[in-house]
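I opened this notebook to keep track of what I looked up, beginning with the metal sites and ending with the chain as a whole.

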Amino acid sequence: YVLKTNPSEIDYVARLVRRVHRNHRIKVLIVDDSKGFRLYLKELLRTHRYQTIEAEDGEEALKLLHQHLDIRLMLTDFHMPKMDGQTLITQARRHFDRNQLGIIGFSDQSAPITSAKLLKAGANDFIAKPFLIEEFYCRITQNVETLEFIHLVRDSAVRDFLTQLHNRRYLFDVGTKAYEQAKERDSGFAAVIIDIDHFKQVNDTHGHFIGDRVLQRVATAMRKSAHQDDLLVRYGGEEFCLLIHGERASARLAEELERIRFAIASLEIPNGNEVLRVTASLGATLNKSSSLAAMIDIADAALYLAKTEGRNRVRI
Ligand code: GH3
Ligand code: MG
Ligand code: MG
Ligand code: MG
């Protein structure tokens, strides 16, 4: 008995597994005034393939947090000259919330108040010094796993499961910021709606499973032919939205979009012995209207023209 699995589900599980086994990429900042203790922590973490960087005081730690935005975990001592662990955590929390940056403080076993102070300042957890290596690893692993899980859940709230593109929610969040920035700087900005032609026929003729595969292939083709800086999302069923900013959102836009149209029309999607082909229509605007939503409406009207004029074309 073979369970029929949608290819996108396999991708999803593979991504999850890769993420969890990516420990060596997780960057940990060690903050302690004792060089010997920093070295000791570094060795412990290296054994479990974490990447480490070090700071000998709070000020240096804060500087590093701003320089290396990929630091996922900070381990900090409590007693340090200049700035203690509690102050460091309070300051760090002004910029990095507990889901973004995990913080574990080392408290003083002979002064239990220190662990309360660390937690109150915003630490995710604490380890009392001296500690057992087993406890150290358990706390690090559990905190990292929780952070990674939160990251995954947050990401899946703004991502379309089928195509793995971002979704409409992400478009109006990140896209609105890009739109406002472009408006402020008076720089180029384009909104594009891409709609697969006669897609209902694909479903009616070949079934929904093949329809899904077509959506995935079209999404991948668009992602490859769009520029890396552009924001491409699944807008609705078989509709996608693309936001382009900068120099390419200019007189060159037609050329850009023609390349995307051609990439979709050139796709050969295997289905048994035959090969499926689809086309898409694109509607776009460069006119920064009153809001991003209003711009998308204008792009949608252009799309309507592309459809009525015969489909498989770009209309700006
Ligand atoms: P047009 O050229 O005018 O765009 O025609 P169309 O058939 O593409 O447009 P219509 O809006 O009539 O049909 C869109 C179809 O897309 C209907 C819906 O069943 C299908 N669809 C939407 N989301 C999905 C999906 O996730 N998977 C599959 N397989 N089909 C989907
Ligand atoms: Mg110390
Ligand atoms: Mg449609
Ligand atoms: Mg359509």
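I began with the magnesium ion (ligand 3), which in this predicted model is coordinated by Asp195 (OD), Glu238 (OE) and Glu239 (OE), at 2.2 to 2.7 Å. Reading along the sequence, I noted that the donor residues of this ion are spaced D-x42-E-E. I then looked up how open Glu239 is, and found it partly exposed, with a relative accessible area of 23%.

Next I asked which donor is shared between the magnesium ion (ligand 3) and the magnesium ion (ligand 4). I found that Asp195 coordinates both, and that the two ions are 3.6 Å apart.

For the magnesium ion (ligand 4) itself I listed Asp195 (OD), Ile196 (O) and Glu238 (OE) as the coordinating atoms, at 2.0 to 2.2 Å. The donors of this ion follow the spacing D-I-x41-E along the chain. Asp195 lies in strand β6 (residues 189-196), while Glu238 sits in the loop between β7 (231-236) and β8 (239-245), so the pair ties together parts that are 43 residues apart in sequence. When I checked their surroundings, I noted that Asp195 is buried and that Glu238 is buried as well.

I then turned to the magnesium ion (ligand 2), which is coordinated by Asp33 (OD), Asp77 (OD) and His79 (O), at 2.1 to 2.4 Å. Its donors follow the spacing D-x43-D-x1-H along the chain. Are Asp77 and His79 buried or exposed? I found Asp77 buried, with a relative accessible area of 6%, whereas His79 is partly exposed, with a relative accessible area of 47%.

After the metal sites I looked at the whole chain, and recorded eleven helices and twelve strands. The C-alpha atoms fill a box of roughly 80 × 60 × 25 Å along the principal axes. I also compared the radius of gyration with the rule for a compact globule of 316 residues, which would have a value near 20 Å, but the protein chain has 25 Å.

On packing, I noted that buried residues make up 46% of the 316 residues in the protein chain. Among the contacts with a separation of 6 or more, 67% are between residues 24 or more positions apart.

Last, I looked at the surface and the charges. The protein chain exposes about 16,900 Å², of which carbon and sulfur atoms supply 52%. I recorded 45 positive and 43 negative charges, and their mean positions are 2 Å apart.

Methods:
Residues are numbered from 1 along each chain as its sequence is written. Chains are lettered from A and ligands numbered from 1 in the order in which they are written. This is a predicted model: local features need pLDDT of at least 70, side-chain atom pairs count only at pLDDT 80 or more; totals for chains, interfaces and linings use all residues. Side-chain values use heavy atoms; hydrogens and water are left out. Donors are N, O and S atoms within 2.8 Å of the metal (3.2 Å for Na, K and Ca); water is not among the atoms, so sites may look incomplete. Buried means under 20% relative accessible area, exposed over 50%, partly exposed in between (1.4 Å probe, protein chains only). Helices (H or I, at least four residues) and strands (E, at least two) are DSSP runs, numbered from the N terminus. The radius of gyration is taken over C-alpha atoms; the globule rule is 2.2 Å times the number of residues to the power 0.38. Contact means heavy atoms within 4.5 Å. Accessible areas come from the Shrake-Rupley method with a 1.4 Å probe; for residues, only the protein chains shown count as cover. Lys and Arg count as positive and Asp and Glu as negative; His and the chain ends are not counted. The place of a charge is taken as NZ of Lys, CZ of Arg, CG of Asp or CD of Glu.
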